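The following exercises are to be worked with the sequence and the model in view. Each task is followed by a solution that proceeds step by step.

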Amino acid sequence: MPKNIILIGFMGVGKGRTARALSDQTGMYTVDTDDLIETMTKMKIRNIFKQYGEPSFRGLEQKTAHWLEKHVRASIVSTGGGFFMVGNIKKLGRIVYLHSSLEGILDRISQHPKGKKKIKKRPLLQDLKKARALYETRLPLYRGAADYEIKVESMDIEAVAAEIISRLALKRASKP
Ligand code: S3P
């Protein structure tokens, strides 16, 4: 049974869009950890942070990680930016870190037509100074957790997916 592919990286780097492009090119199913948490709790992530605080959200991420370990195989998993800190991350699959500079990420978000909404839904992007500090703290941690690093800056999503297919020697799917 092929291993899962776990996409990690900073907020807004394009993990979800990359997962969907990879799914399209390989025919593998994809799930997103933030979506799983929102479905299970029937709450938006920003409201979980607001009402229950970040530690509760991290607990939900760990619960999701246990579920993934037990039940999900041969799939692409896009993750929230802090999900890689779960204790069993290495058991979930091959870990692919999508890397971009913070400037690259912020430029891309600000040029997006729904840029404001994309910032609003991310509690840890509200304060730019804090986001920058978080980026600096996390960078070596992402690299420490990753089996592969893909530099995504100024690459379009289809090209990022193609690069992952080539580096991980995945099979391309013929379209149904
Ligand atoms: C977080 C990233 C978010 C979301 C939550 C916390 C983080 O996901 O899980 O707001 O700690 O970096 P995205 O990476 O999809 O923005």
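## Exercise 1: Two loop residues

Serine 154 lies in the loop between β5 (148-151) and α8 (157-167). The model is a predicted one.

Task. Determine the sign of phi at serine 154, and decide whether serine 154 is buried or exposed. Then treat lysine 42 likewise.

Solution.
1. Serine 154 is not a glycine, yet its phi is positive, at about 60°.
2. The relative accessible area of serine 154 is 80%. Exposed means over 50%, and serine 154 is therefore classed as exposed.
3. Lysine 42 occupies the loop between α2 and α3, and it follows α2. Its phi is also positive, about 55°, although lysine 42 is not a glycine.
4. With a relative accessible area of 74%, lysine 42 is exposed.

## Exercise 2: The ends of two helices

Task. Identify the side-chain contact at the start of α2, and state which residue with positive phi follows α3.

Solution.
1. Helix α2 comprises residues 33-41. At its start, a side-chain oxygen of aspartate 32 comes within 3.0 Å of the backbone nitrogen of aspartate 34.
2. After α3 comes glycine 53, with a positive phi near 90°.

## Exercise 3: The faces of α3 and α5

Task. For helices α3 and α5, list the buried residues and establish how they are arranged about each axis.

Solution.
1. In α3 (residues 45-52), the buried residues are Ile45, Ile48 and Phe49. Their arc around the axis is only 100°, so they lie on the same side of α3.
2. Such a pattern can be compared with helix geometry. An α-helix has 3.6 residues a turn, so residues three or four places apart point the same way.
3. The other side of α3 carries Lys50 and Gln51, both exposed. The cover over the buried residues of α3 includes α2 and α4 (54-71).
4. In α5 (residues 102-111), Leu102, Gly104, Ile105 and Ile109 are buried. Viewed down the axis of α5, these residues fall within an arc of 165° and therefore line one face.
5. Ser110 and Gln111 are exposed on the face of α5 turned away from the buried side. The buried residues of α5 pack against α6 (115-120) and α7 (128-145).

## Exercise 4: Strand pairing around β1 and β4

Task. Establish the sense in which β1 pairs with β3 and β4, and in which β4 pairs with β5; name bridge partners where possible.

Solution.
1. Begin with the side chains of β1 (residues 5-8). Ile5 and Leu7 point one way, Ile6 and Ile8 the other, and all are buried. In a regular strand the side chains alternate between the two faces of the sheet.
2. β1 runs parallel to β3 (residues 76-78), to which it is joined by three bridges. Isoleucine 6 stands opposite valine 77 in β3.
3. β1 also runs parallel to β4 (residues 94-99), with four bridges between them. In β4, arginine 94 is the bridge partner of isoleucine 5, and isoleucine 95 that of isoleucine 6.
4. β4 pairs with β5 in the parallel sense over four bridges. Here leucine 98 is opposite isoleucine 150 of β5.
5. As for cover, five of the six residues of β4 are buried.

## Exercise 5: The surroundings of threonine 26

Task. Locate threonine 26, classify its accessibility, and describe its contacts.

Solution.
1. Threonine 26 belongs to helix α1 (residues 15-26).
2. Its relative accessibility is 9%. Because buried means under 20%, threonine 26 counts as buried.
3. A polar atom of the threonine 26 side chain lies 3.1 Å from the backbone nitrogen of methionine 28.
4. Leaving aside residues up to four places away in sequence, threonine 26 touches Ile76, Ile165, Leu170, Lys171, Arg172 and Ala173.

## Exercise 6: The ligand site

Task. Which residues come nearest to the ligand, and what fraction of its area does the protein bury?

Solution.
1. There are 14 residues around the ligand, of which Lys15, Asp34, Arg58, Arg122 and Arg138 come nearest.
2. Polar side-chain atoms lie at short listed distances from ligand oxygen atoms: 2.8 Å for aspartate 34, 2.6 Å for arginine 58 and 2.7 Å for arginine 138.
3. The ligand taken alone exposes 390 Å², and the protein buries 94% of that.

Key: Residues numbered from 1 in each chain as written. Predicted model: local features only at pLDDT ≥ 70, side-chain atom pairs only at ≥ 80, totals over all residues. Heavy atoms only, no water. Buried < 20%, exposed > 50% of the residue type's maximum accessible area, 1.4 Å probe, protein only. Polar contact = N/O pair within 3.5 Å; in protein donor to acceptor, adjacent residues only side chain to side chain. Contact = heavy atoms within 4.5 Å. Arc of directions from axis to C-beta. Near = heavy atom within 4 Å. Areas by Shrake-Rupley, 256 points an atom, 1.4 Å probe, with all protein chains shown as cover. Pairing = 2+ DSSP bridges.
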